[in-house]
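Me: Could you take one part of this structure and walk me through it slowly? I'm new to this, so please explain the terms as you go.

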Amino acid sequence: MVQQMLAISIKDLLKSIRQRLDRAIAVARAAEAGDVERAVAILLDAEQPLYEATTLLNAASLLNRCAEL
């Protein structure tokens, strides 16, 4: 039961990570279309989704380690 709950939680975290990375990719694509100054400003908007993706990845990793215990 616990293993199943951990697997579901990890899958949910992976889905959230993908969503954040998709947002960051969209921002990067928008940056490619603009001039250099605008591109830098747009890319700064990608910082938050990337930070969130990293935090979610850390959570998934922790849950995975707990599942191994």
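Reply: Here is a close look at one helix and what lies around it. This is a predicted model, where local features need pLDDT of at least 70, side-chain atom pairs count only at pLDDT 80 or more, and totals for chains, interfaces and linings use all residues. Residues are numbered from 1 along each chain as its sequence is written, and side-chain values use heavy atoms, leaving out hydrogens and water.

Our part is helix H3, residues 47-68. Helices here are DSSP runs of H or I with at least four residues, numbered from the N terminus. At 1.5 Å a residue, the 22 residues of H3 should span 32 Å, and its end C-alpha atoms are indeed 32 Å apart. That expected span is 1.5 Å times one less than the number of residues.

Now, which residues of H3 are buried? They are Pro-49, Ala-53, Leu-56, Ala-60 and Ala-67, where buried means under 20% relative accessible area and exposed means over 50%, with a 1.4 Å probe and protein chains only. Looking down the axis of H3, these buried residues fall within an arc of 70°, so they line one face of the helix; the arc is taken from the directions from the helix axis to the C-beta atoms. In general, an α-helix has 3.6 residues a turn, so residues three or four places apart point the same way. Over on the other side of H3, Glu-47 and Tyr-51 are exposed.

And what covers that buried face? Part of the cover for the buried residues of H3 is helix H1 (2-33). Leaving aside neighbours within four places in sequence, Ala-24 is in contact (heavy atoms within 4.5 Å) with Ala-46, Pro-49 and Leu-50.

Notes:
Helix = DSSP H or I, 4+ residues; strand = E, 2+ residues; numbered from the N terminus.
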